[in-house]
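Here are my notes on the model you sent, set out as numbered points. They go through the strands, the helix, the charged pairs, the cysteines and the surface.

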Amino acid sequence: MREISFGPGGKVVFPTKHHGDVTLSQGKWRTICSEPERQYYRFNGEKVATTLINPDYVRHHRSELGQFFYYKRYQTIRISDSVEVSPGNGVYFAVIIDSVTKRVCTVYPVAKPKTGKEFKP
């Protein structure tokens, strides 16, 4: 699954390692991927699911108490349906979830996770 497959209601449910199931709506995903420099995100949909279930790090949001950053490092990232690149030290996918609303807030790649308080269940 490179691209995310949304159900008939326009949503997909992802399990998380620590916060139960969260949803992502097709509209939210379109918004996340809407800018030209972010269009390649849609070719990396499987990274959203993998990051949430098997994160390398989970950190508290600095100011939003119910939000958490899930991070996972990948050696490659797809920039199109047929082109995959390998950034030097890999790339982390950050998936921010809201544990109160049970939704994915946003997704983006980063060179390294932000510093912050580690989540410990």
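**Notes on the predicted model**

1. β3 and β4 make a hairpin, and 6 residues lie between the two strands. The model is a predicted one, and the remarks below should be read with that in mind. The pairing of β3 with β4 is antiparallel and runs over 4 bridges. One of the positions to check is H60, whose bridge partner in β4 is F68.

2. β4 also pairs with β7. The two strands run antiparallel and are joined by 8 bridges. Y74 can serve as a reference point here, with V91 as its bridge partner in β7.

3. On its other pairing, β7 is matched with β8, which spans residues 103–110; this pair is antiparallel as well, with 7 bridges. F93 is found opposite P109 of β8. β7 thus has partners in β4 and in β8.

4. How many residues of β7 are buried? The count is 8 of 8, so the strand is largely enclosed by the rest of the structure. V91, F93, V95 and I97 point one way from β7, while Y92, A94, I96 and D98 point the other way, and all are buried. Both sets of side chains are therefore covered, in keeping with the 8 of 8 buried residues of β7. D98 deserves a look in the viewer, since it is listed among the buried residues of this strand.

5. I97 belongs to β7, which covers residues 91–98. Its relative accessible area is 0%, so I97 counts as buried. For orientation, the C-alpha atoms of I97 and Y41 are separated by 17 Å, and the two residues are 56 apart along the chain.

6. The hairpin of β7 and β8 has 4 residues between its strands, and one of the residues to inspect there is K102, with a positive phi near 60 degrees. K102 is located in the loop between β7 and β8. Most residues other than glycine have a negative phi. K102 is not a glycine, yet its phi is positive, at about 60 degrees. With a relative accessible area of 33%, K102 is partly exposed.

7. Helix α2 covers residues 45–53, and its buried residues are G45, K47, V48, T51 and L52. Which side of α2 do they take? They span an arc of only 155 degrees around the axis, so they sit on the same side of the helix. An α-helix has 3.6 residues a turn, which means that residues three or four places apart point the same way.

8. The model contains 2 salt bridges. In one of them K47 pairs with E46, and the closest N and O atoms are 3.2 Å apart. K47 is buried, at 3% relative accessibility, whereas E46 is partly exposed, with a relative accessible area of 23%.

9. K72 forms a salt bridge with D56, with 3.4 Å between the closest N and O atoms. K72 lies in β4 (residues 67–74) and D56 in the loop between α2 and β3 (57–60), so this pair ties together parts that are 16 residues apart in sequence. K72 is buried, with 13% relative accessible area. D56 is partly exposed, at 37%.

10. There are 0 disulfides in the structure. For C33, the nearest cysteine sulfur is that of C105, 15 Å away, and C33 is in no disulfide. Why does C105 not bond to C33? The two sulfur atoms are 15 Å apart, which is too far for a bond; the cut-off used for a disulfide is 2.5 Å. C33 counts as buried, because its relative accessibility is 9%.

11. At the surface, I79, V83 and V85 make a nonpolar patch of about 200 Å². I79 is in the loop between β5 (77–78) and β6 (84–85). The relative accessible area of I79 is 43%, so this residue is partly exposed.

Notes: Residues numbered from 1 in each chain as written. Predicted model: local features only at pLDDT ≥ 70, side-chain atom pairs only at ≥ 80, totals over all residues. Heavy atoms only, no water. Buried < 20%, exposed > 50% of the residue type's maximum accessible area, 1.4 Å probe, protein only. Arc of directions from axis to C-beta. Salt bridge = Lys/Arg side-chain N within 4 Å of Asp/Glu carboxyl O. Patch = residues over 30% accessible without salt bridge, like charges linked within 9 Å, V, L, I, M, F, W, Y side chains within 5 Å. Areas by Shrake-Rupley, 256 points an atom, 1.4 Å probe, with all protein chains shown as cover. Pairing = 2+ DSSP bridges.
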